Amino acid sequence: MNKETNPFVVSGRIPPELFCDRKTESKRLVKLLCNGNNVVLKSDRRMGKTGLVQYCFDQPEIKGKYYTFFVDILHTTCLQELVHELGHAVFEQTVPHGKKTLKRLLKTLRSISGKIGFDVATGLPTFSVGLGDIEQPEYTLEEIFNYLQQADLPCIVAIDEFQQIGKYPEKNIEALLRSHIQQTNNCRFVFAGSEKHMLGLMFDSKSRPFYKSADNLDLLAIPRDIYVEFICQNFSARDRKTETETAARVYDMFEGHTYFVQKTMNEAFANTPVGGNCDWNTVEFSLNTILESNANFYREQLSRMTISQKMLLYAIANDGYATKITSSEFIKRHKLNSASSVQAAIKKLLENELVIESAKQYRISDRYFAQWIAKTL
């Protein structure tokens, strides 16, 4: 084992040996997909949805037996962009399967196959299709689904931040996708997302096309004792040490939120030499380094807000979890202007995903941002 390898992975594909727990969730997801079900995977953002899906794709029940595709549509704003991202994901994950499979794909994607180029150095095809090249997105979307249907292995497509399609200007997207999915019996889908309310409306409302078309799987925090043991064991395996109390304190600070625990311990591990001990001073130094590296971005975020939005953001950061934010008690305690100004401010903060709401509680979505605000107030 490489003693210098940082075991707290925060980007890219996580090696199976560094994947913490999720045994119940991964077993459930693999079982559902292999038995012909579509799945709605819900969690807070950066709780580990992507890592879980990729981990499941590497399991023996799936790897080599299915073609797997992963596409993130968080930043898409219309059908044309969705088709572009989906086409790109299908293309990039088809190329490694060889010329025969690629030839089948190019033959199926007739509307854009002529726009696909080749790398001069390697001679390999590249997805050089621009948004403007997708002139008839509904037709290209149909071609993509035709390819999935005709593939020589069953397919699994994971679409991350699926709720984004509900924000597109086109009004028929849900019905269009649902129609294609119903007609594609060679493919299973994972609809992942972090806006639980929107996903709930999509899949639980009788009036919506996706009503009861997929099983639900909620991704919660990894249990405290399991995550703490994972942290301590990975330090120990690389000739370093951290106490159970230190790891537990990090877990509690972020309530087990995967990304923030992983990122903090990644930095702390990097600041712990071989043979050294990662104590709370090391963690605090590491955390301050992370906050300082993001300071300019956070200041820029604040510069785009109105005074009312900033004051409400500060109030939420101060409370951690804020409730009854339009009540006279909350407004008076945080010296806010009025209930109407709070309503206008929270609407904008939610739209910009700076604040999230769950069970009538509001908190800042980026837990580092919340800590940075608390330190600078």
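## Arginine 224 and its partner

A salt bridge here means a side-chain nitrogen of Lys or Arg within 4 Å of a carboxyl oxygen of Asp or Glu. In this predicted model, arginine 224 makes one with aspartate 252, and their closest N and O atoms sit 2.8 Å apart. Arginine 224 belongs to helix α9 (residues 224-236) and aspartate 252 to helix α10 (residues 244-253), so this pair ties together parts that are 28 residues apart in sequence.

Neither end is tucked away: arginine 224 comes out as partly exposed at 39% relative accessibility, and aspartate 252 is partly exposed too, with a relative accessible area of 40%.

## From helix α4 to a loop

Next up is arginine 104, which pairs with aspartate 152 in a salt bridge whose closest N and O atoms are 3.6 Å apart. Here the arginine lies in helix α4 (residues 99-108), while the aspartate is in the loop between α6 (137-150) and β5 (155-160), so the contact ties together parts that are 48 residues apart in sequence.

As for exposure, arginine 104 has a relative accessible area of 21%, which makes it partly exposed; the cut-off for buried is under 20%. Aspartate 152, at 49%, also counts as partly exposed, and the exposed class begins over 50%.

## Arginine 304 and glutamate 300

Arginine 304 bridges to glutamate 300, with 2.4 Å between the closest N and O atoms. On the arginine side we get a relative accessible area of 60%, so arginine 304 is exposed. Glutamate 300 has a relative accessible area of 38% and is therefore partly exposed.

## The wider set of bridges

How many salt bridges does the count come to? The total is 19.

Some residues link up into something bigger than a pair: Arg45, Lys49, Glu161, Lys167, Glu195 and Glu353 are joined in a network of salt bridges.

## A buried threonine

Away from the charged pairs, have a look at threonine 184. Its place is in the loop between α7 (173-182) and β6 (187-193). Is this loop residue, threonine 184, buried or exposed? Its relative accessibility is 4%, so threonine 184 counts as buried, given that buried means under 20%.

And what does threonine 184 touch, leaving aside neighbours within four places in sequence? Its contacts are Phe145, Leu148 and Gln149.

Terms used
Residues numbered from 1 in each chain as written. Predicted model: local features only at pLDDT ≥ 70, side-chain atom pairs only at ≥ 80, totals over all residues. Heavy atoms only, no water. Helix = DSSP H or I, 4+ residues; strand = E, 2+ residues; numbered from the N terminus. Buried < 20%, exposed > 50% of the residue type's maximum accessible area, 1.4 Å probe, protein only. Contact = heavy atoms within 4.5 Å.
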